[in-house]
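I am opening a notebook page on this structure, and I will write down each item in the order in which I looked it up.

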Amino acid sequence: MPGFLPPNRHTGPETDSGGVRPLSTQWLSDERIAEARRVWSKAYGRVISQDEAVEILMSARRLAEVFLSAEEET
């Protein structure tokens, strides 16, 4: 699904006024968000927003961190 990146390449509310993401979210590249939007829009049967894609990616990361943390405890 083309066209998910805004023409001005603004990366949404996760950025400061200079367009730089906080360190905690710098792994969320425009390309990664666009790919999540393509994948999850198809799964949901509707176009998901950039904010929804960011939320999905952040949740997936938190889940992975929980699994890694649990593995380290064993």
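**Entry 1: a surface patch.** I began with Val39, which at 44% relative accessibility counts as partly exposed, and I located Val39 in helix α1. I note here that the model is a predicted one. I then asked which residues form a nonpolar patch on the surface with Val39. The patch consists of Val39, Trp40 and Tyr44, and together they have about 300 Å² of accessible area.

**Entry 2: the protein as a whole.** I counted two helices and zero strands in the protein. Of the 74 residues in the protein, 26% are buried. The protein exposes about 5400 Å², and I find that carbon and sulfur atoms supply 58% of that area. I also looked at contacts between residues at least 6 apart in sequence, and 42% of these join residues at least 24 apart.

**Entry 3: helix α1.** I checked the length of α1 against the rise expected at 1.5 Å a residue: its 15 residues should span 21 Å, and the end C-alpha atoms lie 20 Å apart, which agrees. Next I asked which residues of α1 are buried. They are Asp30, Ile33, Ala34, Ala36, Arg37 and Ser41. Looking down the axis of α1, I see that its buried residues fall within an arc of 160°, so they line one face of the helix. Lys42 and Ala43, on the other side of α1, are exposed. As for what the buried residues of α1 pack against, I find that it is α2. Just after α1, I noted that Gly45 takes a positive phi of about 75°.

**Entry 4: helix α2.** I repeated the length check for α2, whose 24 residues should span 34 Å at 1.5 Å a residue, and its end C-alpha atoms are 35 Å apart, which agrees. The buried residues that I list for α2 are Gln50, Ala53, Val54, Ile56 and Leu57. Seen from this helix, the packing partner of the buried residues is α1.

**Entry 5: salt bridges.** Side chains of opposite charge can pair when their charged atoms come close, and I therefore asked how many salt bridges the count comes to here, taking a side-chain nitrogen of Lys or Arg within 4 Å of a carboxyl oxygen of Asp or Glu. The count comes to three salt bridges.

- I looked up Glu35 and Arg38, whose side chains meet in a salt bridge at 3.0 Å, N to O. Both residues lie in helix α1, which covers residues 30-44, and they are three residues apart, about one turn of the helix. Glu35 is partly exposed at a relative accessible area of 39%, and Arg38 is also partly exposed, at 31% relative accessibility.
- I looked up Glu52 and Arg46, whose side chains meet in a salt bridge at 2.8 Å, N to O. I record Glu52 as partly exposed at 28% relative accessibility, and Arg46 as partly exposed with a relative accessible area of 40%.
- I looked up Glu65 and Arg61, whose side chains meet in a salt bridge at 3.1 Å, N to O. Both residues lie in helix α2, which covers residues 50-73, and they are four residues apart, about one turn of the helix. Glu65 counts as partly exposed at 41% relative accessibility, and Arg61 is partly exposed with a relative accessible area of 37%.

**Entry 6: pairs separated in sequence.** I asked whether Thr25 is buried or exposed. At 3% relative accessibility, Thr25 counts as buried, and I place it in the segment before α1. Thr25 and Met58 are 33 residues apart in sequence, while their C-alpha atoms are 8.5 Å apart in space.

I then turned to Arg32, which is found in helix α1 and counts as partly exposed at 39% relative accessibility. Arg32 and Ala53 are 21 residues apart in sequence, and I find 9.2 Å between them in space, C-alpha to C-alpha. Leaving aside the neighbours of Arg32 within four places in sequence, I find that Arg32 is in contact with Trp27 and Leu57.

Notes. Residues are numbered from 1 along each chain as its sequence is written. This is a predicted model: local features need pLDDT of at least 70, side-chain atom pairs count only at pLDDT 80 or more; totals for chains, interfaces and linings use all residues. Side-chain values use heavy atoms; hydrogens and water are left out. Buried means under 20% relative accessible area, exposed over 50%, partly exposed in between (1.4 Å probe, protein chains only). Patches are made of residues with over 30% relative accessible area and no salt bridge: like charges are joined within 9 Å, nonpolar side chains (Val, Leu, Ile, Met, Phe, Trp, Tyr) within 5 Å. Accessible areas come from the Shrake-Rupley method with a 1.4 Å probe; for residues, only the protein chains shown count as cover. The expected span of a helix is 1.5 Å times one less than its number of residues. The arc is that of the directions from the helix axis to the C-beta atoms. Contact means heavy atoms within 4.5 Å.
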